[in-house]
Number of protein chains: 2
Amino acid sequence: MKKKQTVTIYDVAREANVSMATVSRVVNNNHNVKPETESKVLEVVKKLNYRPNDVARGLASKKTTTIGVIIPNVTNSYFASLARGIDDIAEMYNYNIILTNSDGDHKKEMKVLNTLYSKQVDGIIFMGNELLDSVRTELISERIPVVLAGSVDPQKQFASVNIDYQKAVYTQATKLIEQGNRKIAFVTGGLNIPINREYRLKGYLDALATADIEFDDSLVFDVSNINYENGYQLKDKLLSAGATAAIVSNDRAAAGIINSMNDSGIVVPDEFEVTTSDNTELTKMMRPTISTITQPLYDIGAVSMRLLTKMMKNEEVVEKNILLPFGVDYRNSTK
Amino acid sequence: MKKKQTVTIYDVAREANVSMATVSRVVNNNHNVKPETESKVLEVVKKLNYRPNDVARGLASKKTTTIGVIIPNVTNSYFASLARGIDDIAEMYNYNIILTNSDGDHKKEMKVLNTLYSKQVDGIIFMGNELLDSVRTELISERIPVVLAGSVDPQKQFASVNIDYQKAVYTQATKLIEQGNRKIAFVTGGLNIPINREYRLKGYLDALATADIEFDDSLVFDVSNINYENGYQLKDKLLSAGATAAIVSNDRAAAGIINSMNDSGIVVPDEFEVTTSDNTELTKMMRPTISTITQPLYDIGAVSMRLLTKMMKNEEVVEKNILLPFGVDYRNSTK
DNA sequence: TTGAAAGCGCTAACAC
DNA sequence: GTGTTAGCGCTTTCAA
């Protein structure tokens, strides 16, 4: 397979009897070109089937119109939804995304950042549960715009787009309390992670405090690798801790808990209530359907990308830590 | 935010008292360099924190170590799994992927292909249900390697990685027939799509023929936009056509059918059996769990990428249309 | 084993 | 409004 012979800006210039600079102006919609010249150039562009080489452009202009997206795992529909929002807006602004999976592994994050920098990306959207110091340092080292999407940074060092997780959990917990639950389990994927420790857990604690319920730390379940299987395994512990409801921070884990309850004859929601937080499609497909925080996942991605375009173009950014509105849907896993 | 001052190969050369060519050789692991020279250069590289500029490299070498991945929708876990396999192998071979969503829209596919070509990608992995002629033409026009992942091309014009869909459906249908079903619905997302028309449907017909059951076309349900909701709506039609089982080509649609059956008191699998084909996580989370073809999704992506690396390096490719082994898992949506 | 030098295809001053 | 020209940072002959 022989590679196609490429048509360059020089070929167009020669054929149209103008200079390369003029062709460049036309191709880049620079208006300082006489209409007749422009149409002549355009004609030749079409005739020769000229397509600008973005790599050469990138080298000359130091802009690649490519951004890096670091995602723990595309296979996780929470992140996939964000990625979709990002890509759509990127396309709208003529950017492309280089997508890389990190598995939330800091070594991989470091490595990936380095290759993204080598590729001269114009900006970075970072998703991850945690921002290790080394990664943080690396992230600012190149001095290109960075936005955290659906990922919190308590230090607020970076621009970010999220919902108010603390308030969301507070709302869920309060509702469960109003329904008579006094022992509500809090199931989370690692309290070492800021989003869980600094926001979700606080929302839970706030609700308890408001209702004058004493905090019982045996009701906090810190499941480091939170997934369906681990959720499924959790049933006995939940029950023996005396919990009558659970606030879960991951849809698949919530599904696991519900299935394992039902599989052993415990009726959800009558005997045990469950709420979750991502509103992935799964929450509607499960029986019972799962009550959940409704996060605008696509929008979090979309807004992140929009914010990044502003930063890349040095436009004014009024608020760099954006909180999008959220909802709480009560479905059939709660009374 | 001022952009960081960049260290170039020239800086390293000067500081190490060698030529740019030598630095280039060292950085690229070209072995024709005296060990002492090499270590001296490496030292300076480290000291100056030199990082090669891939854009400049790409311009000079005409290789970007970046490939384009065209995917209908990352949000669909079938494709997300493929994408994950692709990215992992890409990383292993030091490639990055530019990911773009096409929604299976041919206009978008054309547009995206053009921007990928502008970005000088070294290869393309294409996913999509259908290969329109215009897209086909565009796909070969640039003469760079292309692999279809989880996407068939009856004309076998492109390299591809798939499973034997015909045989898979044949296996499922035969099993349902053995269990006594005579009226088996075939639910598919568009017979205009080759994979459904040329492979899946044929597998279904083969099974009927083998069992000497006459084909009844009122049992074929052509749902163009196949998803959970449309599956859910299908129940009445399925029942009034007299079907006692359904072979569905999409997990979410199968979930919809099952939920709607159960929601209206029809017991799956006792009164109606369902099989599906993607083995996404959902099939295990549903109650009843769904019997399904088990496709090695991750591997399809991984093998596609591996194949592409071979093509990009002009290595010999023994078989360009790869069929990976599949299985059929019988779970609780069948007797 | 090393260096010199010519590009790769484009943009961006700057000059006219 | 248009052209000239000097790079952008690197790879790759070719020659030594």
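Is the crossing of helix 1 of chain A and helix 3 of chain A left-handed or right-handed? The crossing is right-handed, and the second legend below shows the pair.

This is a predicted model, in which local features need pLDDT of at least 70, side-chain atom pairs count only at pLDDT 80 or more, and totals for chains, interfaces and linings use all residues. Residues are numbered from 1 along each chain as its sequence is written, chains are lettered from A and ligands numbered from 1 in the order in which they are written, and side-chain values use heavy atoms, with hydrogens and water left out.

**View 1. Chains A and B about their axis.** A turn of 180° and a shift of 0.0 Å along the axis lay chain A on chain B with an RMSD of 0.1 Å (superposed by least squares on the C-alpha atoms of residues with pLDDT of at least 70 in both copies). This is the relation of a two-fold axis. Within chain A, Ile98(A) has the C-alpha nearest the axis, at 2.2 Å from it. Both copies use the same surface, since 100% of the contact residues of chain A recur in chain B (contact means heavy atoms within 4.5 Å).

**View 2. Helix 1 against helix 3 in chain A.** Helices (H or I, at least four residues) and strands (E, at least two) are DSSP runs, numbered from the N terminus. The axes of helix 1 (residues 9-16) and helix 3 (residues 35-48) of chain A come within 9 Å and cross at roughly 125°. Axes here are lines fitted to C-alpha atoms, for helices over the stretch in contact, and angles run from 0 to 180 degrees between N-to-C directions. The two helices of chain A are therefore oblique to each other (under 35 degrees is roughly parallel, over 145 roughly antiparallel, 65 to 115 roughly perpendicular, and the rest oblique). Asp11(A), Val12(A), Glu15(A) and Ala16(A) of helix 1 meet residues of helix 3 including Lys40(A), Val41(A) and Leu48(A). By class, this contact has 6 nonpolar, no polar and 4 charged residues (Ala, Val, Leu, Ile, Met, Phe, Trp, Tyr, Cys and Pro count as nonpolar, Asp, Glu, Lys and Arg as charged, and the others, Gly among them, as polar).

**View 3. The buried residues of helix 1 in chain A and the residue after the helix.** Asp11(A), Val12(A), Ala13(A) and Ala16(A) are buried (under 20% relative accessible area; exposed is over 50%, and partly exposed in between, with a 1.4 Å probe and protein chains only). The buried residues of helix 1 pack against helix 2 (20-27) and helix 3 of chain A. Just after helix 1 comes Asn17(A), with a positive phi of about 55°. Asn17(A) lies in the loop between helix 1 and helix 2 of chain A and is exposed, with a relative accessible area of 67%.

**View 4. Lys62(A) in its loop.** Lys62(A) is not a glycine, yet has a positive phi of about 65°. Its loop runs between helix 4 (54-61) and strand 1 (66-71) of chain A. Lys62(A) counts as exposed, at 57% relative accessibility.

**View 5. Two cis peptide bonds in chain B.** One joins Val268(B) and Pro269(B), with omega about 10°. Pro269(B) is in the loop between helix 12 (251-263) and strand 9 (273-276) of chain B. Another cis peptide bond joins Arg287(B) and Pro288(B), with omega about -5°. Pro288(B) is in the loop between helix 13 (282-285) and strand 10 (291-294) of chain B.

Definitions and conventions: A crossing is left-handed if the near helix is turned anticlockwise from the far one by less than a right angle, and right-handed if clockwise.
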